[in-house]
Amino acid sequence: MDIDLVIRGGTLVDGSGDAMREADVAIQNGRIVATGPNLPRGREEMDARGLIVTPGFVDIHTHYDGQVTWENRLNPSSAHGVTTAVMGNCGIGFAPCRPADRADLIRLMEGVEDLPEVVLSAGLPWAWESFPDYLDFVGGRSFDTDVAAQLPHAALRVYAMGRRAIDREQATEADRALMARLAKEAMEAGAIGFGTSRTINHRASDGTLVYTLDAAEEELAAIGMALGAAGRGVLQVVSDFDDPERELGMLRRVVTRAGRPLSVSLGQIHATPDRWRTVLDWIEGCNADGLEVRAQVSGRPVGMLLGFELSYHPFSYTPTWKSLLHLSIDQRLAALRDPAIRAAITSETPDAGDFIGADFIRQFQLMYPLGAPVNYEFAPGSSVAARAGLLGVTPAEHAYDLMLEEGGRAVLMLPTTNFAGESLAAAEVMLRHPNTVYGLGDGGAHLGFLCDASLPTYMLQHWVRDRTAGARLPLEEVVRGLSADPATAVGLLDRGLVKPGYRADINIVDFDRLALKSPRIAYDLPKGGKRLTQAAEGYRATILNGVTVQRDGVATGALPGRLVRGGQAAPA
């Protein structure tokens, strides 16, 4: 047999959860053809001695719906070992879409996912109207990961109902029939599922609540049953669960009628710190009764990143800060070192009416320095307010000084999820539960105040190797949670394992050197738009479909990634 590539002598963590072992891995024509000791030589050899060899990671919660239309690299996800990304989450996207509705979908994406209007208006080619048209356009492009797309409910609703959808009127029988027909059409064209949002946290940039917030059960059921009729596709929902009994009862009925798998976003919301248990118990009951329901969970606090170069910081709406906005970023950072400007900004309060969350981003008692090296499991008593008290300065002054570190680009974090009581204990329970799957990385979204696309690296570095505040997780369990489990959750059964017959999507990792860098702003979007990125050390190589796309953290330029149309069968 002619073998294209042999990865030689690595410690294989194959994604199944089985014990790691030393093994070679042979690749031919984009597939793994053998694993084991002393395999024959290949045309190319990679020395993996002292390194771990894992499947490529599968991220089932991203928002690259726009980025894939103008860019070939799915940065930052591809820098963290991700080889398959699922987009269209939370019901936000750009197809189907009539020309007259483009501005409304842009405003929704801008508000919900923090993608600036100027970036979207310049970057989106709008070479489609229907969802199958969108898939055809994306399918003609190449990437450094594979991508799969979900049908977004907001776009579908606007296409079917026009302005009535934005005004959140209830769908008529004819509306529901049209949405069902289009949903079935999308699944048959290659959509991997359907996403929707039911949270008041999702608003368009003009303040309009997400168009799907209170869509009726019959609307969701009609779409779900369309997926059932197509015999393919998963359902993805984000909800506030403000009335858990009502919402969970409704979702259970929808899943029962649809006969399709469901995943819901789940975290410990600090205002209701025990509600996640209710949802997790419900999920457990659904699965006991034969329904396929999972929770997408995150292994670290989720919240806002704050900094002088980011979209927000505690002084964003103070008069003196606003007087500096005409300066370049370097000029602004130089001005911030002036003691007079520091004294003015830290003594001012935000201008009333500028931003509904102006007070929220000044909660110094809930804010922590991310540090360098970064650490997301903050020690109890290490908030900005607590540290300021020990130093004898005001919390505002301490926050200001902290953000001036690292050349004025240091970052603070304001957790809103998974860190109630200054503890990740709830996240640990969720990570260990048999009905959860790692998710919520949000790659491609929240570009100015969040960068959770680095979650794969964090899960390996923190939960397996470095954690001291509580128990660690086994390496085999975390690798399975990053690869085979999410792949299975969305029906991509041809990947996520390093076994013969499976796709040759592989990471080679120097586990001892694995490290997250501090988040940094890059100005590389259309029209010079900015986004947060986060680099990592320790990825010696990432291989996609048998082709090396990253080597020692540097892109090779190879783009073997393609659109994946629908679920994929497991190898024979």
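A cavity here is a set of grid points where a 1.4 Å probe fits but cannot get out, with only the protein atoms considered. The model on screen is predicted, and the tour starts from its largest cavity.

**Stop 1: the largest cavity**

Select Tyr-438, Gly-439, Leu-455, Pro-456 and Leu-482. Of the 17 residues that line the largest cavity, these are the closest to its centre. The space inside comes to about 130 Å³. The count of cavities of 30 Å³ or more is six. Now colour strand E6, helix H18 (455–466) and helix H19: each of these elements gives at least two residues to the lining of the largest cavity.

**Stop 2: the open sheet**

Keep E6 in view and add the strands that follow in the sheet. Eight strands make up this open sheet, in the order E6-E7-E8-E9-E10-E11-E12-E16, and their pairing is parallel. Which strands are at the edges? They are E6 (57–59) and E16 (436–438), each of which pairs on one side only. Look along the sheet to see the turn between neighbouring strands, which is 25° on average, direction ignored.

Zoom in on E6 and E7. Strand E7 covers residues 82–87, and three bridges join E7 to E6 in the parallel sense. For one position to label, take Phe-57, which stands opposite Val-82 in E7.

Next select H19, residues 475–482. This helix lies across both E6 and E16, and runs at about 85° to E16.

**Stop 3: Asn-89**

From E7, move on to Asn-89, in the loop between E7 and helix H2 (102–113). Is Asn-89 buried or exposed? Asn-89 has a relative accessible area of 0%, so it counts as buried, the cut-off being under 20%.

Show the polar atoms of the Asn-89 side chain. One of them lies 3.1 Å from the backbone oxygen of Thr-62. The backbone oxygen of Val-86 lies 3.2 Å from a polar atom of the side chain of Asn-89. To display the surroundings, select Ile-60, His-61, Thr-62, His-63, Gln-150, Gln-236 and Gln-296; Asn-89 touches these residues, leaving aside those up to four places away in sequence.

**Stop 4: two cis peptide bonds**

Most peptide bonds are trans. Stay in the loop between E7 and H2 and select Pro-96, which is also placed there. The bond that joins Ala-95 and Pro-96 is cis, with omega about 0°.

For another cis bond, go to the loop between strand E14 (368–369) and helix H14 (384–391), where Pro-373 lies. The peptide bond from Ala-372 to Pro-373 is cis, and its omega is near 5°.

**Stop 5: positive phi angles**

Most residues other than glycine have a negative phi. Asp-114, although not a glycine, has a positive phi of about 55°. Look for Asp-114 in the loop between H2 and helix H3 (117–123). Its relative accessible area is 16%, so Asp-114 is buried.

Then select His-446, in the loop between E16 and H18. Phi of His-446 is positive, near 50°. His-446 counts as buried, at 10% relative accessibility.

**Stop 6: the hairpin of E2 and E3**

Finish at strands E2 (residues 21–28) and E3 (residues 31–36), which run antiparallel and are joined by five bridges. Asp-24 stands opposite Gly-36 in E3. What do E2 and E3 form? They form a hairpin with two residues between them. Asn-29, in the turn, has a positive phi of about 55°.

Terms used
Residues are numbered from 1 along each chain as its sequence is written. This is a predicted model: local features need pLDDT of at least 70, side-chain atom pairs count only at pLDDT 80 or more; totals for chains, interfaces and linings use all residues. Side-chain values use heavy atoms; hydrogens and water are left out. Two strands pair if DSSP finds at least two bridges between them. Helices (H or I, at least four residues) and strands (E, at least two) are DSSP runs, numbered from the N terminus. Axes are lines fitted to C-alpha atoms, for helices over the stretch in contact, and angles run from 0 to 180 degrees between N-to-C directions. Contact means heavy atoms within 4.5 Å. Buried means under 20% relative accessible area, exposed over 50%, partly exposed in between (1.4 Å probe, protein chains only). A polar contact is a pair of N or O atoms within 3.5 Å; within protein, one must be able to donate a hydrogen and the other to accept it, and residues adjacent in sequence count only if both atoms are side-chain atoms. On a 1 Å grid over the protein atoms alone, a cavity is a set of points where a 1.4 Å probe fits but cannot get out, and a pocket is an open set with protein on both sides within 12 Å along at least five of seven lines; lining residues have an atom within 4 Å of a point. Grid points are joined across faces, edges and corners, and a volume is the space filled by probe spheres set on the points.
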